[in-house]
Structures are given as structure tokens and as C-alpha cells.
Amino acid sequence: MSSVSLKGIEKRFGAVEVIRGVDLRIDPGEFVVFVGPSGCGKSTLLRLISGLEYLSGGELAIGGRVVNEVPASKRGVAMVFQSYALYPHLTVRDNMGFGLKVRKVPAQERQKRVDEASATLKLEALLDRYPRELSGGQRQRVAIGRAIVGNPDVFLFDEPLSNLDAELRVHMRSEIAALHKRLSTTMIYVTHDQIEAMTLADKIVVLRDGRVEQVGSPRELYERPANIFVAQFIGSPKMNLLPADIAPLLTGARAADTTAETIGIRPEHLTVVEPRDGTLRGTVGLCEYTGAVTLLHVKLPDGHDCLVLHDGGDMKAGNQLGLTADVSKVHFFNGNGQTIKRTEQGWTA
């Protein structure tokens, strides 16, 4: 396993700047997830690390070795794509060993590595099948196995689960997490799905417009987002954003002596009470029953909409309810959308 270091990384396609001065350190054995909306540059950044795209500026090192001019085949990385890219005329065994064969690895060694990888991924019974005889999840495991046999220092995953159905995505997510635990290899994973990011990552890198917005553990990003963008992108359902003057009503605490213009409160941090007991009242506009909880769309008196996760009794559109929230769960943002941090003396930008 190797570290990956990015210093001032830039990428331009003609006049279009896609990656804008990214600095990042990935420690050996870490599972790091790049997450962000479409067009934020996460897949381009992954391709720069792999060597499939050339840098426009900056320095990239893998295992302490600067690899700016090193071709992809010499970087010690293996990439798993959204498309399985399996050869339809080759068996699972031959698909997994094809790269080794091209590199003229002896047949006995190829067989050993394929057997070890197939055991790791529970593919032993499928080695003589062809891709057309496999399910989507099995094909993705073969693609991962093809990467494993090369014994890379770094694994790169580019939205590997996006072609799978919801149930299979959950299953494969747990398999990838288990694989990382077994191999202890540095892994970098790209997704637009923040649930994947939260459940898989040791460290999440949130990207927007080719820049890093925040780096941290899933818990750090959820509990201490750096700005409104991160606050709304991490967490599902997304955080409610409301005018700062609602804070005293919602929490019963004054938001004075702050420069806050916006407050944020997550749907799971709001409590439904009787209308007379709420510090804030609202009207239910829509109920989305999901089994364990119900997502309420609540209209506040000032016209703002608010999402609330409710695990109590039945709710119907038109119901009046009260809302309360713990002040410790409320996030404050200044006019630039940056988080105002709490100190012993109060709040500060």
C-alpha cells in the first residue's frame, strides 16, 4: 500500500479549467471517497491519478515517487470503471488473468494470482463461465478481481456500482468494504452518491467546480460542515436552511451577537410535539411514509418549507404540529455561506 500526494493539481481542456489547484494527502491503506455533483471534477481527478489524463500543473506522487511523467502502466495503480469492460469471448478465469498474460507473467504465477483473487471475491464456481452467463454484480466482482491480480499499490474505483439496481448496490457496497478490510490497500473511490461515501469512506473529499470544499471523516463532515454546500450535500434527507431570525423561535435560544444570515437544521434533529408545546408551529403538506420513519414536508408560518423525520404516530396532510430543536444541533452560516464556529465566548465566523 502507498500514499498518494497531490500538490497544486490543475487540469485544463483548452480554455476550460476543470481541476483548480487541488492539494490532498491520502495515507497508506486509507479508503478515500471523492464525492460531489456531476461536473465537479471527481472522475477527472481520478484519471489524473491513474495516468489516463495528463496534468496541466502541480505535482502528483504515489508512494513518495513523483509520477507526473510516469505512464499509467508504471504507476502501480489499478482502476475499476463504471463499465465492466469484460471480454465476452473469454471466461472469467481468462478475463481476470488477461492483463497478466499481456505483461508476460508466467502461466503458473497467473493461475496462482487468479485463484487467490477468485477466493477473495468468492468467484471460484464461476471461473469457467462467460460474462453473458453472469449477473451484474458478478460481472463487477470479476472486474474487481482483474484489478486485484495485478497486486497494485492503489485501487481506483470510478462509480463502480452505478449500473446496479438498488438492492445489489447495497450488497456490493458491503463487499467492497470487506475487500478493503482484507487487503488493507489504499483505495480511492468516486461516487455522486453521498450514502456510498458515508458508509465506505475513512475520509471524504467533497468537490465542487474543480476545487476541494472540505476533507474529513464522514462524521466530521456530517456534524461540522465547513459551509452550506457541504452541509446540504452530506446527509439524507438534506439539511433544512432557514433565515437566521427563525433560530430563536425554533430553539428557544437567542441567535444574537452572531453574523449569521442562515441557520441549518437536519430533518432528524427536529422533534414533533403538540402545537401548543412547540417553539415553532407548522402545517403538514406531504407525508412520505418509508416504514421506520415518515418524512414530513412542513410549511412554516413565514412560508418556508421544512423537512422533518418523524417516527411517531400517523400524520396526514393538513395536520398542525409543533416543532422543537436542540440549539446544539443548529448550524449557523454567514452571508458567504461559511459556517460560523462555536467558541466559549459565543459564535465566530
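Here is an informal chat about salt bridges, strands and a surface patch in a predicted model.

Colleague: Let's begin with charges. How many salt bridges does the structure hold?
Modeller: Side chains of opposite charge can pair when their charged atoms come close. One case is a network of salt bridges that links Lys-11, Arg-47 and Glu-53. For the structure, the count of salt bridges is 15.

Colleague: Which helices does the Arg-169 and Glu-196 pair link?
Modeller: The two side chains meet in a salt bridge, with N to O at 2.5 Å. The pair links distant parts of the chain, 27 residues apart. Arg-169 sits in residues 166-183 and Glu-196 in residues 194-200, so by the DSSP runs numbered from the N terminus the helices are H5 and H6.

Colleague: And are Arg-169 and Glu-196 buried or exposed?
Modeller: The cut-off to keep in mind is under 20% relative accessible area for buried and over 50% for exposed. Arg-169 and Glu-196, the partners in that 2.5 Å salt bridge, are both buried.

Colleague: What separates Arg-219 and Glu-223 along helix H7?
Modeller: Their side chains meet in a salt bridge at 3.0 Å, N to O. Helix H7 covers residues 218-223, and because the two residues are four apart in it, the separation is about one helical turn.

Colleague: Which of Arg-219 and Glu-223 counts as exposed?
Modeller: Exposed needs over 50% relative accessible area. Glu-223 has 37%, so it is partly exposed. At 60%, the residue that counts as exposed is Arg-219.

Colleague: What about the Lys-299 and Asp-305 salt bridge: which residue there is partly exposed?
Modeller: The side chains of Lys-299 and Asp-305 meet at 3.0 Å, N to O. Asp-305 counts as exposed, at 53% relative accessibility. With a relative accessible area of 39%, the partly exposed one is Lys-299.

Colleague: Moving to Thr-191, which residue's backbone nitrogen lies 2.9 Å from a polar atom of its side chain?
Modeller: Thr-191 is found in strand S8, residues 186-191, and is buried because its relative accessible area is 1%. Leaving aside neighbours within four places in sequence, its contacts include Val-33, Lys-42 and Glu-196. The backbone nitrogen at 2.9 Å belongs to Asp-193.

Colleague: In strand S13, which residues point to one face and are buried?
Modeller: Side chains alternate along S13, residues 270-273. Thr-271 and Val-273 point to the other face and are not buried. The buried ones are Leu-270 and Val-272.

Colleague: What is the bridge partner of Leu-270 in S17?
Modeller: S13 and strand S17 (residues 320-325) run antiparallel, joined by four bridges. Within S17, Leu-270 has as its bridge partner Ala-325.

Colleague: Which are the edge strands of the open sheet S2-S1-S4-S5?
Modeller: Four strands form that sheet, with antiparallel pairing. S4 (residues 57-62) and S5 pair over two bridges, and Ala-61 has Val-66 in S5 as its bridge partner. Pairing on one side only marks the edge strands, S2 (16-26) and S5 (65-66).

Colleague: Last one: which residues form the nonpolar patch on the surface with Val-102?
Modeller: Val-102 lies in helix H2, residues 92-102, and counts as exposed because its relative accessibility is 54%. Together the patch has about 260 Å² of accessible area. The residues that form it with Val-102 are Tyr-87 and Phe-98.

Methods. Residues numbered from 1 in each chain as written. Predicted model: local features only at pLDDT ≥ 70, side-chain atom pairs only at ≥ 80, totals over all residues. Heavy atoms only, no water. Patch = residues over 30% accessible without salt bridge, like charges linked within 9 Å, V, L, I, M, F, W, Y side chains within 5 Å. Areas by Shrake-Rupley, 256 points an atom, 1.4 Å probe, with all protein chains shown as cover. Salt bridge = Lys/Arg side-chain N within 4 Å of Asp/Glu carboxyl O. Buried < 20%, exposed > 50% of the residue type's maximum accessible area, 1.4 Å probe, protein only. Polar contact = N/O pair within 3.5 Å; in protein donor to acceptor, adjacent residues only side chain to side chain. Contact = heavy atoms within 4.5 Å. Pairing = 2+ DSSP bridges.
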